[in-house]
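The paragraphs below lead through one protein structure, beginning with pairs of helices and moving on to single residues. Keep the sequence and the model in view while reading.

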Amino acid sequence: MITGKKITLKPFDAEDSERLREWANLHEICFSADFSYPINELEHQHWYEKISADRTKLFFSFYNGSEHKGCVWLEYIDYVNSKARVYSVSSQKESLASEEWSEAIYLITKYAFSKLNLNKIYCEIPAGNTFLKSIFERGGLKQEAILIEEFFKNGTYENAIRFSAIRSKPASQQNAQQSTPDTKHEVPRVQWFQTTKNLRNDK
């Protein structure tokens with residue numbers, strides 16, 4: 001287990017996996033670019049068995065006390081280039097999840113740097129979602145690039161912001177020369193959570 005100020009990261013087990021499926025099927029909570037249809041039990045079981053044996057993925061659940069608050073994980077773990085993509089999903093709507101969610105991202109990033117010896121953690125989020133931007137920034141990631149028309153949602157294409165944290169580069173350098181989104185392509189903010197289809201302050 002990995003203990004933070006508000007939450008604890010625990011190994012991702014079958015019971016947690018089933019909760020993740022329930023959250024992914026709640027349209028008002030999990031509205032993502034990667035899930036556009038319900039996930040049935042058989043499909044989910046096949047996915048759980050596959051990720052349990054996949055060394056390029058590492059899943060955790062995050063808890064506040066005994067309450068399961070969400071999941072956070074690494075995918076595409078690349079030990080040659082020393083990087084991985086971070087994903088997360090919360091059990092709650094955005095406004096209720098910010099501090100715990102940010103800490104989960106921070107803790108798994110710190111674990112990736114200190115225990116897995118990775119150098120870079122990255123993700124992409126919709127450019128119009130200011131809430132998610134603040135979540136990842138508080139989790140220790142910085143804006144790296146703008147990806148034009150990266151996601152297709154509600155009949156339109158949406159830009160994405162690529163965020164990253166780099167172990168070998170000081171935070172002050174990561175902040176330098178950041179670009180701003182092309183607002184011409186932005187769409188209204190939606191509740192969006194990275195999922196399994198594709199899913200700080202140091203002490």
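**Helix pairs and selected residues**

The axes of helix H1 (residues 14–24) and helix H2 (residues 41–52) cross at roughly 135° and come within 11 Å. H1 is therefore oblique to H2, given that an angle counts as roughly antiparallel only when it is over 145 degrees. The crossing of these two helices, H1 and H2, is right-handed. From H1, the contact takes in Ala14, Ser17, Glu18, Leu20 and Arg21, and from H2 it takes in Glu41, His44, Trp47 and Tyr48. Sorted by class, the contact of H1 with H2 holds four nonpolar, two polar and three charged residues. The model is a predicted one, and this applies to every value in the text.

For the setting of these helices, consider the overall layout. The protein has five helices and eight strands. Read from the N terminus, its elements follow the order β-β-α-α-β-β-β-α-β-α-β-β-α. Of its 203 residues, 52% count as buried.

A second helix pair can be described in the terms used for the first. Two packed helices are described by the angle between their axes and by the distance between those axes. For helix H3 (residues 98–114) and helix H4 (residues 130–138), the angle is about 50° and the axes are 7 Å apart. H3 and H4 are therefore oblique to each other. Their crossing, that of H3 and H4, is right-handed. On the H3 side the contact is made by Ser98, Trp101, Ser102 and Ile105, and on the H4 side by Phe131, Leu132, Ser134, Ile135, Phe136 and Arg138. By class, the contact of H3 with H4 has six nonpolar residues, three polar ones and one charged one.

H4 can be followed further, from its burial to its two ends. Which residues of H4 are buried? They are Phe131, Leu132, Lys133, Ser134, Ile135 and Phe136. The cover over the buried residues of H4 includes H3, together with strand S5 (83–90), strand S6 (120–126) and strand S8 (156–166). At the N-terminal end of H4, asparagine 129 acts as a cap, with a side-chain oxygen 3.3 Å from the backbone nitrogen of phenylalanine 131. Just after H4 comes glycine 140, with a positive phi of about 105°.

Glycine 140 leads to the question of backbone angles. Most residues other than glycine have a negative phi. Tyrosine 76 is not a glycine, yet its phi is positive, near 55°. Tyrosine 76 belongs to strand S4. With a relative accessible area of 37%, tyrosine 76 is partly exposed. Asparagine 117, also not a glycine, has a positive phi of about 60°. Asparagine 117 sits in the loop between H3 and S6.

Strand S4 (residues 67–78) also holds histidine 68. Is histidine 68 buried or exposed? Its relative accessibility is 8%, so histidine 68 counts as buried, the cut-off being under 20%. The side chain of histidine 68 makes a polar contact of 3.0 Å with that of arginine 19. Another polar contact, of 3.3 Å, joins the side chains of histidine 68 and serine 61. With neighbours within four places in sequence left aside, histidine 68 is in contact with Asp16, Arg19, Trp23, Ser61, Phe62, Tyr63 and Ser91.

One of these partners of histidine 68 is Asp16, which returns the account to H1. Aspartate 16 is found in helix H1. It is buried, with a relative accessible area of 2%. Leaving aside neighbours within four places in sequence, aspartate 16 is in contact with Pro11, Ser61, Tyr63 and His68. Ser61 and Tyr63 thus appear in the contacts of histidine 68 and in those of aspartate 16, as comparison of the two lists shows under the contact limit of 4.5 Å.

The last stop is strand S7 (residues 142–153), where leucine 147 lies. Leucine 147 has a relative accessible area of 22% and is therefore partly exposed. Leaving aside neighbours within four places in sequence, leucine 147 is in contact with Glu124, Asn159 and Ala160. Leucine 147 and isoleucine 125 are 22 residues apart in sequence, and their C-alpha atoms are 9.6 Å apart in space.

Notes: Residues numbered from 1 in each chain as written. Predicted model: local features only at pLDDT ≥ 70, side-chain atom pairs only at ≥ 80, totals over all residues. Heavy atoms only, no water. Axes fitted to C-alpha atoms, helices over the stretch in contact; angles between N-to-C directions. Helix = DSSP H or I, 4+ residues; strand = E, 2+ residues; numbered from the N terminus. Parallel < 35°, antiparallel > 145°, perpendicular 65-115°, else oblique. Left-handed = near helix turned anticlockwise from the far one by under 90°. Nonpolar A, V, L, I, M, F, W, Y, C, P; charged D, E, K, R; others polar. Buried < 20%, exposed > 50% of the residue type's maximum accessible area, 1.4 Å probe, protein only. Polar contact = N/O pair within 3.5 Å; in protein donor to acceptor, adjacent residues only side chain to side chain.
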